[in-house]
Amino acid sequence: MRRGGRLAALAALVALAGSGCGVLPALPEPVPNEIVPSRVSDLEPAEGSETISPDGFDAVQRMAVRVRNVGCDELSTGSGFAVDEYTLITNKHVVADSDNLQVSTYDGRDIDVGTAATAALADLAIVRTRDALPSYPVLAETDPRQGDDVTIVGYPSGGELTISAGRVIGSTRDPLNANLGEVLVTDAKVEPGSSGSAALDDQGRVIGVVYAKTADDDSLLVPISTVRDLLADATAFENVATCEAS
Amino acid sequence: MTTTPPAPPPPDGYGAPPAPLPPPGPGRRRAGASPWLAAALILTLVLAGYLWVTTTQWQRTAQEWEGEARDHAAEAAALGRQLDGVNAELAAARDQLATATGRISELANEKAQLGDENVASRQHLDYQARVSEAAAKVAVALGQCVDAQEQLIGYLEDADAYDAADLTRFKNQVGELCDKAGDANDALQQELAS
């Protein structure tokens with residue numbers, strides 16, 4: 001009996017010691033020589049940096065071009081925008097009666113022009129360039145809806161590159177009969193010289209091409225659906241004949 | 001009288017019943033507990049030693065961590081000051097970039113306007129050259145008209161010396177020449193007036 005009691009007491013002591021080791025604090029880990037964060041937080045780009053290009057101009061400005069139409073007897077200016085590296089879109093009336101077309105970019109660089117072609121069914125023209133254009137936007141898949149925001153970038157009155165904003169008011173039959181089908185009306189301000197400007201949605205996609213203004217100072221756009229249809233049709237454009245000096 | 005000595009006590013286990021064992025005294029209990037006390041003492045000493053080692057280790061580690069924390073806090077403060085400086089430089093660079101891009105746009109516009117003026121001037125010069133050329137032609141034509149009319153007047157002063165039909169034909173030719181010169185002059189005047 002006494003031996004049994006001793007064994008039980010010994011077992012209790014060992015158990016107590018064992019359970020006590022679990023309660024006792026462990027020795028600390030050595031301090032590492034180099035402390036690195038266990039998780040690096042995701043760094044986000046600085047505010048506004050997503051629209052900055054290497055030269056400080058944003059994509060909207062870089063895609064716009066100024067078109068100078070040196071006619072045989074007179075001079076006119078218009079706007080345009082690149083749709084790929086060597087192609088830009090403007091209006092038919094911007095390149096009409098031309099002896100020489102001169103294109104310059106947002107930073108004043110002159111772009112060597114190859115050929116120009118105009119569409120029969122819309123006030124649109126395609127100009128092929130020999131020099132690469134700085135930037136070109138994405139064309140929207142569908143026409144905008146009434147109330148959508150619109151941004152127009154171009155060279156009103158042949159002056160500085162200007163960005164004007166507005167909203168799509170609606171659509172109407174072309175009052176100038178220069179386009180087949182409906183055209184878009186916006187309240188963004190344009191001036192002579194804005195013709196051929198790109199109209200962009202709030203995601204920077206082209207939704208139309210400015211070609212005229214109304215008596216109410218609203219702007220008229222060739223809708224992007226028309227632009228897409230004509231660009232898809234290789235026979236829609238014919239080369240422009242140069243004027244002959246009188 | 002004689003007395004008998006007392007009988008010796010019988011040996012244990014013989015005859016008499018065994019006497020009960022005396023109860024264990026305090027000395028025996030102390031002897032039985034001493035190993036346990038020793039074990040408990042050893043265990044306590046081991047435990048105390050372990051706790052002492054652990055405490056000193058934690059103290060040392062805590063001091064090292066505190067040192068590290070102070071170093072990193074100083075580094076973070078220095079980085080914070082550097083970040084403030086870099087942010088200030090970034091803001092200045094953005095301002096400079098905005099100024100530069102604005103100036104580039106102005107220069108691009110000035111270049112475009114100069115190009116327009118150059119083209120317009122060239123077209124105007126071409127126009128002036130065409131007008132001058134036309135004026136010279138008109139002047140020559142009018143001069144020819146005047147010469148022819150003077151010649152006709154001379155012929156008419158001595159009309160008897162010439163064939164009447166020839167005079168009439170020459171008169172008509174002079175008239176046509178002067179009409180053409182007059183038309184050219186009218187066209188030139190209209191062009192100049194427009």
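**Exercise 1. The barrel of chain A**

In which sense do strand 8 (residues 149–154) of chain A and strand 11 (residues 198–200) of chain A pair, and over how many bridges? Place this pair in its barrel, then follow strand 11 of chain A to its other partner.

*Solution.* The structure is a predicted model.

Step 1. The pairing of strand 8 with strand 11 of chain A is antiparallel and comprises three bridges. Within strand 11 of chain A, A:Leu200 stands opposite A:Thr151.

Step 2. These strands belong to a closed barrel of six strands in chain A, with the order 8-9-10-13-12-11 and antiparallel pairing. From one strand to the next, the twist averages 45°.

Step 3. Strand 11 of chain A also pairs with strand 12 of chain A, again in the antiparallel sense and over three bridges. Here A:Ala198 faces A:Val209 of strand 12 of chain A. Strands 11 and 12 of chain A form a hairpin with five residues between them, and A:Gly204 in the turn has a positive phi of about 80°.

**Exercise 2. The surroundings of strand 12**

Determine how strand 12 of chain A is joined to strand 13 of chain A, and describe what surrounds strand 12.

*Solution.*

Step 1. Strands 12 and 13 of chain A run antiparallel and are joined by five bridges. A:Gly208 has A:Pro223, in strand 13 of chain A, as its bridge partner.

Step 2. The two strands form a hairpin with five residues between them. A:Asp217 lies in the loop between strand 12 and strand 13 of chain A, and its phi is near 70°, a positive value in a residue other than glycine. A:Asp217 counts as exposed because it has 11 C-beta neighbours inside 10 Å, where the cut-off for exposure is 12 or fewer.

Step 3. Helix 4 (residues 224–232) of chain A lies across strand 12 (206–213) and strand 13 (219–223) of chain A, at about 40° to strand 13.

Step 4. Seven of the eight residues of strand 12 of chain A are buried, so this strand is largely enclosed by the rest of the structure.

**Exercise 3. The open sheet of chain A**

Identify the edge strands of the sheet of eight strands in chain A, and explain what their position implies.

*Solution.*

Step 1. The sheet is open, has the strand order 5-4-1-2-3-7-6-14, and pairs in the antiparallel sense.

Step 2. Strand 5 (110–111) and strand 14 (237–239) of chain A stand at the edges with a single partner strand each, so each has one side without a neighbour in the sheet.

Step 3. For strand 14 of chain A, an antiparallel pairing is made with strand 6 (residues 113–119) of chain A over three bridges. A:Ala119 has A:Phe237 of strand 14 of chain A as its bridge partner.

**Exercise 4. Two loop residues**

Classify A:Asp97 and A:Pro37 as buried, partly exposed or exposed.

*Solution.*

Step 1. A:Asp97 is located in the loop between helix 3 (92–95) and strand 4 (100–105) of chain A. Although A:Asp97 is not a glycine, its phi is positive, about 50°. There are 16 other C-beta atoms within 10 Å of A:Asp97, so this residue is partly exposed.

Step 2. A:Pro37 is in the loop between helix 1 and helix 2 (59–63) of chain A. A:Pro37 counts as exposed because it has 6 C-beta neighbours inside 10 Å. From A:Pro37 to A:Gly56 the sequence separation is 19 residues, and the C-alpha to C-alpha distance is 35 Å.

**Exercise 5. Chain B and the contact**

Characterise chain B, test the length of its helix 2, and describe the contact with chain A.

*Solution.*

Step 1. Chain B contains two helices and zero strands. Of its 194 residues, 3% count as buried.

Step 2. Helix 2 (residues 164–193) of chain B has 30 residues and should span 44 Å at 1.5 Å a residue; the end C-alpha atoms are 42 Å apart, so the two values agree. Two of these 30 residues are buried, and the helix is hardly covered.

Step 3. The average pLDDT of chain B is 86, and 84% of the residues score at least 70. Over residues 10–15 of chain B, the pLDDT is below 50. The model scores ipTM 0.80 and pTM 0.72.

Step 4. The contact takes 24 residues from chain A and 26 residues from chain B. On the side of chain A, helix 1 (2–23), strand 1 (64–70) and strand 2 (75–84) are the elements that give two or more residues. The residues of this side divide into 14 nonpolar, six polar and four charged.

Technical notes: Residues are numbered from 1 along each chain as its sequence is written. Chains are lettered from A and ligands numbered from 1 in the order in which they are written. This is a predicted model: local features need pLDDT of at least 70, side-chain atom pairs count only at pLDDT 80 or more; totals for chains, interfaces and linings use all residues. Helices (H or I, at least four residues) and strands (E, at least two) are DSSP runs, numbered from the N terminus. A residue is buried if 20 or more other C-beta atoms lie within 10 Å of its own, exposed if 12 or fewer, and partly exposed in between; C-beta atoms are placed from the backbone. Two strands pair if DSSP finds at least two bridges between them. Axes are lines fitted to C-alpha atoms, for helices over the stretch in contact, and angles run from 0 to 180 degrees between N-to-C directions. Two residues are in contact if their C-beta atoms, placed from the backbone, lie within 7 Å. Ala, Val, Leu, Ile, Met, Phe, Trp, Tyr, Cys and Pro count as nonpolar, Asp, Glu, Lys and Arg as charged, and the others, Gly among them, as polar. The expected span of a helix is 1.5 Å times one less than its number of residues. pLDDT is the predictor's confidence in each residue, from 0 to 100.
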